[in-house]
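Here's a relaxed walk through the model shown below. Have the 3D view open as you read, and take the parts one at a time.

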Amino acid sequence: MATSDRPFQPFRNLNAKIASIPMILTALVIFIGCTIWTIYYSFTKSKLLPKSNFVGFDQYERLWSTRRWLVSIENLVIYGSLSLIFSLIIGFLLAALLDQKIRFEDTFRTILLYPFALSFIVTGLVWQWILNPDFGVQSVVQGLGWESFSFNPLYDADIVIYGVLIAGLWQGTGLVMCLMLAGLRGIDEDIWKAARVDGIPMWKTYLYIVIPMMRPVFITTIVIITSGIVRVYDLVVAQTGGGPGIASEVPAKYVYDYMFQSQNLGQGFAASSMMLVTVAVIVIPWAYLEFGGKRRG
Amino acid sequence: MADTDVLPNNTSTGLETSGPRGPRPRPMLSRRNIILYGTLIVIAVYYLLPLYVMIVTSLKGMPEIRLGNIFAPPVEVTFQPWVKAWAEACTGLNCDGLSRGFWNSVRITVPSVIISIAIASVNGYALANWRFKGSEIFFTILIFGSFIPYQVMIYPIVIVLRELGVYGSLTGLVIVHTIFGMPILTLLFRNYFVSVPEELFKAARVDGAGFWGIYLRIMLPMSLPIFVVAIILQITGIWNDFLFGVVYTKPDTYPMTVQLNNIVNSVQGVKEYNVNMAATIITGLVPLIVYFLSGKLFVRGIAAGAVKG
Amino acid sequence: MKALRAVFAATTALCAATAANAADLEVTHWWTSGGEAAAVGEFAKAFNEKTDHNWVDGAIAGGGGTARPVMVSRIIGGDPMGATQFNHGRQTEELIEAGLMRDLTDIAEAEGWKDLINPPSLLDSCTVDGRVYCVPVNIHSWQWLWLSNAAFEKAGVAVPANWDEFVAAAPKLEAAGIVPLALGQQPWQNSGLFNVLLVTLAGPEALQKVYGAKDAEVAAGPEIARVFKAAEDARRMRKGSNVQDWNQATNMVITGKAGGQIMGDWAQGEFQVAGQVAGKDYTCLPGLGVNEVISTGGDAFYFPVNDDPDTQKAQDELASLMVSPEVQVAFNLKKGSLPIRGDVDLAAANDCMKKGLEILASGNILPDVNQLNTEDTNTQLSDLFVEFFNDESISAEDAQARFVDIIAQGD
């Protein structure tokens, strides 16, 4: 930490402050400003254009009595927790596999990483196509003679969110793998040596020594995955359009649809404010511990 | 899961033979290797499957697609869907496919990538080496901002851009990309610069170098790996962006993704899956090539310190 | 004062004309299906040929939901397009109130739109406080059942003449491997289907009472209960139509994979592009053969305020071109919709369009649901219908109870 023990000196840091102006502006004007703006108008009944006709908590009451919003929240919880857990587990296992001094590591890594280069729109379309019951996996397996085979996640309300999850994991685990691999490469070779000398089995070394040492990697990864999960929109739109019925709706889509399709900005803002509150409850305490408090060495 | 079993197994065997360090000679067909490579190949096939389906589908004619098997290789290879996707597919009255959007995408991506990275790297440097009172608070806000759904920001940003007088121009779009790229890039650069040895920094200070001097002469030359990571992330993100492209530009300057959306969503009669797939591949080609060529640098860059806290 | 202003407008228009420079007029719309693109091509062709100006096409695919935020952002962002499509009604009220849309009253008065636009409700939807702000270009009605003659032949049943016969024929269609009713996944298709059942089975008065007066009692009554029962039939009949877009569903009817589809008259354009002949290849039943009424919704073009005199000139010329008889005929023939003026010759129209024209002439018309409900209420309703048509565990009674709640809350 280059500067952690240096006392605060306002003028010597003038250049740094000037250089930080874009960041400060973005933080204040865009993120804080827009958040306040959004919360402010969530108490109005703005329709197409923002207007200050206040209605108190009406928008919020309506929001929480809307079935579609409740389904969206439920889906986000399911999708979010599974996506986070599986991304981390699969990403880590893949990284551990690639870290076994294998041949063709570059090839394998590129194969695992390339889906990340494709947008969610593309990902959604491809998986919609593969999971299509009339053309995709289901019809192919049936064509092979297994007539009763049924795998139709996109048109089955109970499991559609898992269909989305398959696509989401396919797109995102490559990046997680990369971050994890980078983390593994950062572990000192001596630690492995020591563990070997002590006769600790490899899985124990990973679980009790390596993973705790990779804490920063996990944090960066979790930030990246979580921010993606909260905003998940394009993927659902491209893959299922929220269907069948409202079975794969997500909060970001609710926000967008109410803001623009039904021209009820107030309702959309109320929904997005709820998303922000949820995120804030999770992120702020963590961010405070991680960046705000005294830094660990 | 097969791969969890592999690891403990191979340690025990590895331990017994463990002698001097360095890569040990291993017989290619050992049990460990068969399991290891077998697992990897199965996984690789799973990851490649969608790409395979896209390519195969884009080379088939519509009658063949209707027959059903999406995994079968094309009986008759046709490049017509590619030609159509690139130069003939219609949106409304414009029947020139994706070709219109390609240069627009380049014109949008290049300045956006350069400017967003320049700003974020200086920010990260200031946060890592020149922390001032409140700097971490702004950084926390920035990270928090990365959780806000983009859609919420559309209207307020329209108003901000209008007040700045840059709405609808390329400048406006570059500003938007710079703003939304900032959280993650700043995080990357900050973490990277934190890991640079303090002695270097102190020595430069003793020599009388200032904020910009140290940045340009010491930090910049040292941080090539992380710049590569940032460039790759930004090229991918900005090239794939649809929402900002469609909202903050106009038809003359629509990026390729907007054209892709238009082609995929303009169903004229039958849905032409082959043209859609060809269009999808063409649009994804630039980020794909970037990844295939520089995937190695990407991992190296991240490993070089991007993920150190 | 008004006359003075008209004169002033005319002189400035004249001056502008003498100094006329060709302007590029960017026109945004979401017409991207085959029939739609062909129709909008007629506008562009006429505009490029008959004026000095140049049509710059700004099509945005993905429907109004994708296109509208783009259009609204551009208008409030101060970089408006030359002209833009909107569904008229309540969607643009606020933009007009904010003074962002051009007042077209002078052109409307000079050309006597009041007398020639039929039904007058179309122009009323464009009028705010006595001023005209948009150009209606067509009349669309929702209440059509499109049937594939080939599919019924294959199933060995006569082509039905009304909804009940269609329901009765469904088992035979299924037995022949045909999906009885094609329905795409997009939400608006689900609500459209329900609203058609409501108008035709419960009648126009019920529509006025439920959506117009927001009468919760009627909404809870036996007439609407019958509509929900019919919707339950439709839910059973749509099983197996795994498509997203409306024209993919139409395509199922065109290819005989589905027996029929309830869809607005724009589906006509798709049959036409596919080279099918009304009466021979397909059959259309206005009002589902039960109640021959049509709604008169439609599309309209708005012209955002622009400072550039050349662009203004081009906007004026496009506005008057859009209502001119030849362009109306050419456009609506391609679009499958009805023209907004009664004085044009539609000899080229096919059987289905003629049926529509007759109903229009006989005055059996009702307002479009968009003109009665806000988009907000529409979205809540479509959320309900989407769920209902996809989830067999929701009974007709439960759905009706939720329907009543939404109606009671609506404004």
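## Chain A: helices throughout

In this predicted model, chain A comes out with 14 helices and zero strands. If you follow the elements of chain A from the N terminus, you just read α over and over: α-α-α-α-α-α-α-α-α-α-α-α-α-α.

The C-alpha trace of chain A spans about 75 × 70 × 30 Å along its principal axes. Of the 297 residues in chain A, 52% are buried. Now look at contacts in chain A between residues at least 6 apart in sequence: 70% of these join residues at least 24 apart.

## Where chain A meets chain B

How many residues does each chain bring to the contact between A and B? Chain A puts in 90 residues, and chain B puts in 89 residues. On the chain A side, the top contributor is helix α2 (residues 21-41), which gives 13 residues.

What sort of residues are they? The side of chain A that touches chain B splits into 63 nonpolar, 20 polar and seven charged residues.

## A helix crossing in chain B

Over in chain B, find helix α5 (residues 99-129) and helix α8 (residues 170-194). The axes of these two helices come within 6 Å and cross at roughly 40°. As for handedness, α5(B) passes α8(B) in a right-handed crossing. Sort the residues in this contact between α5(B) and α8(B) by class and you get 18 nonpolar, 10 polar and two charged.

## Where chain B meets chain C

Chain B also touches chain C, with 24 residues from chain B and 31 residues from chain C taking part. On the chain B side, α7 (150-164), α12 (243-248) and α13 (256-265) each supply at least two residues. The largest share there, four residues, comes from α7(B).

By class, the side of chain B that touches chain C holds 11 nonpolar, 10 polar and three charged residues.

## Chain C: two domains

The domain assignment divides chain C into domain 1 (2-139 + 298-341) and domain 2 (144-295 + 365-409). Their C-alpha centres lie 32 Å apart.

How do the two domains of chain C touch? In this contact, 17 residues of domain 1 meet 14 residues of domain 2. On the domain 1 side, α2 (34-50), α7 (121-126) and α17 (325-335) of chain C each supply at least two residues. The largest share on that side is five residues, from α2(C). Sorted by class, the side of domain 1 that touches domain 2 has three nonpolar, 10 polar and four charged residues.

## A four-stranded sheet in chain C

Finally, look for the open sheet of four strands in chain C: the order is β8-β9-β7-β10, and the pairing is mixed. Which strands stand at the edges? They are β8 (179-181) and β10 (282-286) of chain C; each has a single partner strand, so one side of each is left without a neighbour in the sheet. From one strand to the next, the twist averages 15°.

You can also zoom in on one pair of strands. Strand β7 (residues 144-148) and strand β9 (residues 258-262) of chain C run antiparallel, joined by three bridges. To spot one bridge partner, start at Leu145(C) and look across to Ile262(C) in β9(C).

Definitions and conventions. Residues are numbered from 1 along each chain as its sequence is written. Chains are lettered from A and ligands numbered from 1 in the order in which they are written. This is a predicted model: local features need pLDDT of at least 70, side-chain atom pairs count only at pLDDT 80 or more; totals for chains, interfaces and linings use all residues. Axes are lines fitted to C-alpha atoms, for helices over the stretch in contact, and angles run from 0 to 180 degrees between N-to-C directions. A crossing is left-handed if the near helix is turned anticlockwise from the far one by less than a right angle, and right-handed if clockwise. Ala, Val, Leu, Ile, Met, Phe, Trp, Tyr, Cys and Pro count as nonpolar, Asp, Glu, Lys and Arg as charged, and the others, Gly among them, as polar. Two strands pair if DSSP finds at least two bridges between them. Two residues are in contact if their C-beta atoms, placed from the backbone, lie within 7 Å. Domain bounds come from an automatic or database domain assignment. A residue is buried if 20 or more other C-beta atoms lie within 10 Å of its own, exposed if 12 or fewer, and partly exposed in between; C-beta atoms are placed from the backbone.
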